[in-house]
Each structure stands twice: as structure tokens, then as C-alpha cells.
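The exercises below ask for strand order, cavity lining and charged contacts. Work each one from the coordinates before reading its solution.

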Amino acid sequence: MITDVVIAGGGPNGLMLACELSLAGVRPLVLERLPEPAQEPKANGLLGQVVRLLDHRGLHERLSGSPRPPRPNSAYFMFGAMALDLSLLEDSPVHALPVPQRRLVEVLEERAAELGVEIRRGHEVVGLSQDDDAVTLDVAGPDGRHRLRARYLVGADGAHSTTRKLSGIGFPGVTYDRMTVRSAHATVPPEWIDPATGALDVPGYGAVMPFLPHRTERGGFSYAPMPGHPPLVSTTEWDQPATDAPMSLEELRASVRRVLGADVPLGPPDGHGPHVLRRLTGGNTRVAERFAQGRVFLIGDAAHVFAATGGGPGLNLGLQDAANLGWKLAAELRGSAPPGLLGSYGSERRPAALRMVLNARAQSALIAPGDDVTGLRELFAELLRDPDTVRRLAELTTGADVRYDMGGPEPSHPLTGRFVPDLELRTPAGPVRAAELTRAARPLLLDLTEESSLARTPALRHDQVDVVTGLPGLPGLPALPGPHAPTALLLRPDCHVAWASSSPRPDAAERAALQAAMRRWFGAGARAATGE
């Protein structure tokens, strides 16, 4: 027997891909090396477009514990430990979801189980070879070694990916060995917490806003009071002497003293663990030379890693890798994929990873110690008074600036290639958010034209594309100039806009472009009444 898809790695990225494939009708097999889910604390939340992606899959409510949809942060944010005043923007691109990675894995594993995904724990890919038809895997499991055949293998097995190494895919990049990051869950004096802002008011130093990195001439400091958990306190220093001693709270206290020039009495954390108490030296920013080799694909940390810049860029990118690859791989397996569809995974996602490299390197430069960096930051602070600069950096950090090349006529609509904006539609069945219409991860045409002119045109029907009609002149349209408010959107399953129009009644050229976009991304399809 040949399995359609084997996913090496049952972390958040592998589980997200398993869910995406299952929604598209493919039942993958997930092989996870660990016998039980990891309990050690890792990422503390999600930032950017991925928060909206999870909402479009119906997972935001499970993760947030609230039925309310995600709302953008319109107050403050950071870039390189410098404040971004989001109040300067009419619409903020910053969405955040404070959820521990452990909880994210739990929710994704629950969803995968609901969709019928098989997860084999304690199983690890230790060898592979591939031919024109399949990949042969050597798997080590609790009962010894065995072999599997799969039409495709996806490596979601982390930064030290065995899949990547066995496939001969290079992992070039930069290693930073000067930086030491110390982190611990700890208690702080409750009277030091500003009840209005949540800031940590350190006597002899000043206020440190929660969750946002803070830079001094001597290093970095952050204070993150996660809901339901003791605060996570972290420092960053450069050129620290090497040590083999175990990490301790006293070591963190001394580091805080050096960085802030003031004492912060850190106490042991309250509640049940596991709790963080770690020291990390160095870091890597690397991107795989290619994201595919034959029938083998890479997602998440197997494809890209980033030195710590805040916001968990690797996890945010990895989950979107999964959403991009899942529907394309499923279409290839169904035999409905148009030429080049599967190859577009690497051509779309690798540039997105390289964009995040730019983000990581720029922020690393801005938080480094030294008078020259301080001078750069003073100049940078002047630039951050400009709303256009604030928007550009906020979109870079959150990935909201990612725009895929959809291959249509130029100039294209401003929304083409981007993640679908927040929309609330008035449909015949009542008001509905666009995010609620994409839970099934299917191609979707939102027709808001006069008299639903696109939906009523037989030549524009496609057997892979669902159609939802609504009323024009909606109150929840995105903040675009009037002529660009959309009247029709063609969405790919990953929620990126493949085609858009702002015409009340799209003309023949626009309709031809819509037909071309359907063929380009979803294949020829079946049309009810067309001479084609």
C-alpha cells in the first residue's frame, strides 16, 4: 500500500498541514518522534496574518476562549525595541493571540482527530529514497524499523530536520554566537505593576511595557505576563563568558541588574509547571535553498529559522506554509491541479521567508549595544513619526505585506495576491463574515456585484469554486480608496485573493480575467454552459 502523504513531525506546523489536507479530502499519516506531546514552554503566542488565518479555519475561538473575532492592536507595537505608534494608522495590520505553543498543539491535535488524521507517536523517519512515483521511508518506531511508501513526504521536523538533510537540501544562513538570552518564569512585586497599563515600574529605572522588548546600552529586557501563567522575564546580553553552570534565578537577577542598572527582586514562579528557566547562547537565521526536492517538501522550521526578534516569526510563517501547501498537494493527488500549481509553493513561500530574514536582521541590528547603534536608533525614532513608515514596518513584522504573484493582467487590483481583508457580507441568509465562509478551505467566489451578475453567468461556473452572493455597498469593507472597494473576490483555499474587481458590473475583460484565474489556480473545471 502507498500512503498519499506522510508528514514527518507532529508539532503545530505538521498538525496544521494534516488538517489542511484532510479538509481537502486527503488523509495524511503523521509520524512524530516524541512519544507524548512536548511540555516544555516554547512560543508564547502568535502574531500577524496567522491569527487571521486561524480565524478563517474556525480555530481562533478555541484558542482565545472567546467567540469574538480577532481585533487588530491599534495602540502600540515594537520594531527593534522601538515603539510603533499604531494610533497613527487608520487600520492596524497587527493581530496578536497570546496562546502558549503547548495549547496550540493541543487544539490542532484535537482538530486533526476530528478530521480523521492518524498520528503515530514514537515514530521517526531515519532514511528515505524516492523515484518517479513515490518516496520510500525507513521509519524507526517502538517495535523496530519498518518501511513505508508515500506519494509525497513533507518534512515538518524542525530546525535540525532529518528530512531536509536526507534530501540533500542546503540550509545556508548566519549563526550569531555573541548573544546570550536568559529567560525564566518568575514573580515580581505586585505593587510594581501599573494596573492601568500593565507596565512593570522598576524603581531607579522606570516603566517597562508588558510583552514588548526593551533595549538599553547594555542589553535587552522584556516582561511578559501571560494570562494564567507567571510572568516570563527575559534578558539579552552580548559577549558573555561561557559557563557550564545550570541556569538559576540568581543568574537572571544579575543579568537584569547589568541590563537595567537596577535590581528587580525576582521570586520563584507560582502555580504548576512546567516553568521556563533557561539560557540560550547564539542563534541562527537560515532559509533552505529550496522548499522541495522531487516528492519531498519542507515547511516550518525545517525550511526556515530566525534568530529571536519577538513575535515568533518561525511559527507564524510555518502555519502559513501549511495552508499554502495543503490545498495544492491535495489538488495534485486528485489529478485536478493545473500545471505548475505544486511548484508555486516554493516560489511563493520562500520569498516570504526571505522577507522575514530582512525583518530579523534589521531588528537584530537595532537592538545591539553600542553608541553607534544608539545614534542609528535616534535617527530611526524620527522616521517612526511618519505613518507610512509605521505601516511599512508593522506589515513587515506581521507578514501583512506578503503579496503573491497571481499571474493576471497588470495593473492588478490592489487586493490581488493579498490575504483577504476583513469583510462582513449581507447575504440572502443574513450577515456573515468572510472568515466564516472559508472554514472548509475551498476556492470561493464572493459576488457582491449588482444583481449577482457573476454568479448568474453560466460561463463563470467552476466545479471547484463555491459561490456566495451578497449585497453591494457593505458597511465592513476594507480601508481602501472608494474606487478600490471590492465588489467581487476570488479566493484560493489559503484565503489569498486570486482575482478582484471593484466594478458594479465587471466588463468582458474582467470576466475573462476571472475565468483565467479560475483555470490558473483550480484547473479547467466543469462549466454548465460554455462553448469552451
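**Exercise 1. Strand order**

In what order do the six strands of the open sheet lie, and in which sense do they pair?

Solution. The model is a predicted one.

Step 1. List the order: the six strands run S14-S15-S16-S11-S17-S20 across an open sheet, with antiparallel pairing.

Step 2. Find the edges. Strand S14 (214–216) and strand S20 (304–305) each pair on one side only, which makes them the edge strands.

Step 3. Count bridges around S11. Strand S11 (residues 173–185) is joined to strand S17 (residues 277–287) by nine bridges in the antiparallel sense. With strand S16 (residues 232–238), S11 forms seven bridges, also antiparallel.

Step 4. Add strand S15 (residues 219–224), which is antiparallel to S16 and joined to S16 by five bridges.

**Exercise 2. Bridge partners**

Name the bridge partner of Thr175 in S17, and the partner of Arg182 in S16.

Solution.

Step 1. Thr175 has Asn284 as its bridge partner in S17.

Step 2. Arg182 is partnered by Thr235 in S16.

Step 3. Look at Thr235 from S15: Phe221 stands opposite Thr235.

**Exercise 3. The largest cavity**

Which helices each supply at least two residues of the lining of the largest cavity?

Solution.

Step 1. Search the whole structure; three cavities of 30 Å³ or more are found. The largest holds about 90 Å³ of space.

Step 2. Collect its lining residues. Among them are Leu47, Pro313, Asn316, Leu317, Gln320, Arg349, Met356 and Val402.

Step 3. Assign the lining to helices: helix H7 (313–334), helix H8 (344–367) and helix H10 (387–398) each supply at least two residues. H7 gives the most, with four residues.

Step 4. Sort the lining by class: six residues are nonpolar, five are polar and one is charged.

**Exercise 4. Three salt bridges**

For the salt bridges Arg439 with Asp55, Glu348 with Lys328, and Arg391 with Glu395, state where the partners lie along the chain.

Solution.

Step 1. Note the total: the structure holds 31 salt bridges.

Step 2. Take Arg439 and Asp55, whose closest N and O atoms are 3.7 Å apart. The pair links distant parts of the chain, 384 residues apart: Arg439 is in the loop between helix H11 (434–437) and strand S23 (444–447), and Asp55 is in helix H2 (residues 49–56). Arg439 is partly exposed at a relative accessible area of 28%, whereas Asp55 is buried at 6% relative accessibility.

Step 3. Take Glu348 and Lys328, with an N to O distance of 2.8 Å. Glu348 is in helix H8 and Lys328 in helix H7, so this salt bridge ties together parts that are 20 residues apart in sequence. Both Glu348 and Lys328 are buried.

Step 4. Take Arg391 and Glu395, at 3.3 Å from N to O. These two residues are separated by about one helical turn because they are four residues apart in helix H10. Arg391 counts as partly exposed, at 23% relative accessibility.

**Exercise 5. A shared network**

Which residues are joined into one network by salt bridges that share partners?

Solution.

Step 1. The network joins Arg182, Glu237, Glu251, Arg258 and Arg279.

Step 2. Relate it to the sheet: Arg182 is the network member whose bridge partner in S16 is Thr235.

Note on methods
Residues are numbered from 1 along each chain as its sequence is written. This is a predicted model: local features need pLDDT of at least 70, side-chain atom pairs count only at pLDDT 80 or more; totals for chains, interfaces and linings use all residues. Side-chain values use heavy atoms; hydrogens and water are left out. Two strands pair if DSSP finds at least two bridges between them. On a 1 Å grid over the protein atoms alone, a cavity is a set of points where a 1.4 Å probe fits but cannot get out, and a pocket is an open set with protein on both sides within 12 Å along at least five of seven lines; lining residues have an atom within 4 Å of a point. Grid points are joined across faces, edges and corners, and a volume is the space filled by probe spheres set on the points. Ala, Val, Leu, Ile, Met, Phe, Trp, Tyr, Cys and Pro count as nonpolar, Asp, Glu, Lys and Arg as charged, and the others, Gly among them, as polar. A salt bridge is a side-chain nitrogen of Lys or Arg within 4 Å of a carboxyl oxygen of Asp or Glu. Buried means under 20% relative accessible area, exposed over 50%, partly exposed in between (1.4 Å probe, protein chains only).
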